[in-house]
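Dear colleague,

I am passing the structure below on to you, and after it you will find my notes on the backbone, one side chain and the charged pairs.

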Amino acid sequence: FRIMAGKVKWVTDIEKSVLINNFEKRGWIQVSENEDWNFYWMSVQTIRNVFSVETGYRLSDDQIVNHFPNHYELTRKDLMVKNIKRYRKELEKEGSPLAEKDENGKYIYLDFVPVTFMLPADYNLFVEEFRKNPSSTWIMKPCGKAQGKGIFLINKLSQIKKWSRDSKTSSFVSQSSKEAYVISLYINNPLLIGGKKFDLRLYVLVSTYRPLRCYMYKLGFCRFCTVKYTPSTSELDNMFVHLTNVAIQKHGDDYNHIHGGKWTVSNLRLYLESTRGKEVTNKLFDEIHWIIVQSLKAVAPVMNNDKHCFECYGYDIIIDDKLKPWLIEVNASPSLTSSTANDRILKYNLINDTLNIAVPNGEIPDCKWNKSPPKEVLGNYEVLYDEEMAQSDGPDRDMRGRSGQSTGIKGNRARDSGKPVLTTWK
């Protein structure tokens with residue numbers, strides 16, 4: 001039988017061997033050199049082809065695929081921001097306490113993405129915002145690329161105009177045929193460890209969007225820059241200072257091939273508990289989990305919740321020096337390439353645990369089952385949010401404190417505000 005349908009070019013031999021080992025271990029297939037395998041870990045392009053209206057392809061009940069058809073609603077940088085903005089507006093219209101704002105008009109609970117505009121469409125809005133704080137730094141990213149490709153920083157409007165001319169675009173006022181970019185306010189006060197900037201790569205598995213059920217992987221990691229951070233404008237072009245992507249940092253002179261410039265999340269927790277305290281650290285991770293759940297809720301209404309689909313997302317989070325987490329982007333195909341020995345172990349376990357939830361007990365897949373596996377198969381995953389369980393707790397669930405959560409997530413949101421703490425998860 002087929003667990004994953006469609007043909008895809010393997011990115012690396014390591015990814016191929018990790019997947020094959022997992023399938024062989026379950027006794028699903030026997031692999032030989034000449035065999036034409038009938039399972040595939042599908043690329044995002046293959047998913048588009050499988051679910052395309054033109055192809056008319058229909059998956060059978062024993063076929064499970066590893067992306068939702070329109071996953072890009074969350075994983076394209078521009079669509080992610082657009083959906084989060086729409087989600088906020090809808091909650092405001094409903095009078096939801098989640099959309100509460102402070103005296104400066106900022107969202108209290110939903111302010112977790114940097115100020116962002118789409119170019120060329122929002123150029124005039126961007127200019128208006130830029131002129132409010134002309135000394136600010138902004139980061140430009142192409143909407144549909146990954147691994148740090150095409151990213152650059154600017155702190156003058158003239159740099160945008162130069163980019164526009166170089167891109168052979170005559171005007172920002174109307175939509176252009178050239179590639180769309182997002183431009184976001186740069187987090188220029190990142191939390192530094194050893195003087196270096198880092199971000200978090202966290203893995204989140206979604207088994208269904210309606211009702212939303214998602215799992216947090218405990219074994220995420222931090223990715224460090226190889227060069228010490230400086231906000232100096234003279235270093236805006238130095239990507240070894242600003243971008244944490246391994247695809248970029250591995251070309252730096254100071255890149256360490258043994259540890260790969262990575263820390264485990266558990267090491268980060270230990271460091272923060274020892275330097276900032278346990279309570280503050282718990283609050284930080286509670287807020288990270290909050291961000292993930294709210295971003296998934298933002299796209300749930302527009303996601304094509306096909307019963308054959310599950311998805312493991314790679315979340316990129318940056319923490320600033322006030323210990324406020326920011327959602328930078330969500331990746332549809334987080335790298336399974338191993339840059340270190342520890343990386344290989346982590347990613348092998350990630351695939352193994354993901355498959356155990358998608359297809360419990362190594363049984364033949366059945367897309368009709370309720371997608372709620374027993375605790376013993378979760379491995380390094382933990383339930384982050386279960387909408388069915390949350391709804392069973394009644395309509396006042398959102399206004400209860402987060403103490404006593406069943407997910408094992410500790411900490412208390414806005415503990416110092418004296419207000420009732422909001423929550424939307426079980």
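**Thr 281 and its surroundings**

Leaving aside residues up to four places away in sequence, Thr 281 touches Arg 269, Leu 272 and Glu 273. Please keep in mind, here and throughout, that this is a predicted model. Thr 281 itself is found in helix H10, which covers residues 278-299, and its relative accessible area is 0%, so that Thr 281 counts as buried. One of the residues it touches, Glu 273, also takes part in a polar approach, since a polar atom of the Thr 281 side chain lies 3.3 Å from the backbone nitrogen of Glu 273.

**Backbone points to check**

Most residues other than glycine have a negative phi, and most peptide bonds are trans. With that in mind, three places in the backbone deserve a mention.

The peptide bond from Leu 119 to Pro 120 is cis, with omega near 10 degrees, and Pro 120 has its place in the loop that runs between strand S1 (116-119) and helix H5 (123-132). A cis peptide bond also leads from Arg 210 to Pro 211, in this case with omega near 0 degrees; Pro 211 sits in the loop between strand S6 (196-209) and strand S7 (212-217).

The remaining place is Leu 323, which has a positive phi of about 60 degrees although it is not a glycine. Leu 323 lies in the loop between strand S10 (311-319) and strand S11 (325-331), and despite this loop position Leu 323 is buried, because its relative accessible area is 7% and the limit for buried is under 20%.

**Salt bridges**

Side chains of opposite charge can pair when their charged atoms come close. The structure holds 14 salt bridges, and I describe a few of them here, beginning with pairs inside a helix.

Arg 86 forms a salt bridge with Glu 90, with the closest N and O atoms 3.3 Å apart. These two residues are four apart in helix H4 (residues 77-94), which means that about one helical turn separates Arg 86 from Glu 90. Arg 86 counts as partly exposed at 23% relative accessibility, and Glu 90 is partly exposed as well, with a relative accessible area of 33%.

In helix H5, the side chains of Glu 129 and Lys 132 meet in a salt bridge with an N to O distance of 3.4 Å. Because they are three residues apart in that helix, Glu 129 and Lys 132 are separated by about one helical turn. Glu 129 is partly exposed, with a relative accessible area of 26%, whereas Lys 132 counts as exposed at 62% relative accessibility.

Where in the chain do the partners Arg 223 and Asp 316 lie? Arg 223 forms a salt bridge with Asp 316, the closest N and O atoms being 3.4 Å apart. This pair links distant parts of the chain, as Arg 223 belongs to strand S8 (residues 221-224) and Asp 316 to strand S10, 93 residues apart. Arg 223 is buried, with a relative accessible area of 7%, and Asp 316 is likewise buried, with a relative accessible area of 5%. Salt bridges that share partners join Arg 223 and Asp 316 with Asp 199 and Arg 201 into one network.

With kind regards

Conventions: Residues are numbered from 1 along each chain as its sequence is written. This is a predicted model: local features need pLDDT of at least 70, side-chain atom pairs count only at pLDDT 80 or more; totals for chains, interfaces and linings use all residues. Side-chain values use heavy atoms; hydrogens and water are left out. Buried means under 20% relative accessible area, exposed over 50%, partly exposed in between (1.4 Å probe, protein chains only). A polar contact is a pair of N or O atoms within 3.5 Å; within protein, one must be able to donate a hydrogen and the other to accept it, and residues adjacent in sequence count only if both atoms are side-chain atoms. Contact means heavy atoms within 4.5 Å. A salt bridge is a side-chain nitrogen of Lys or Arg within 4 Å of a carboxyl oxygen of Asp or Glu.
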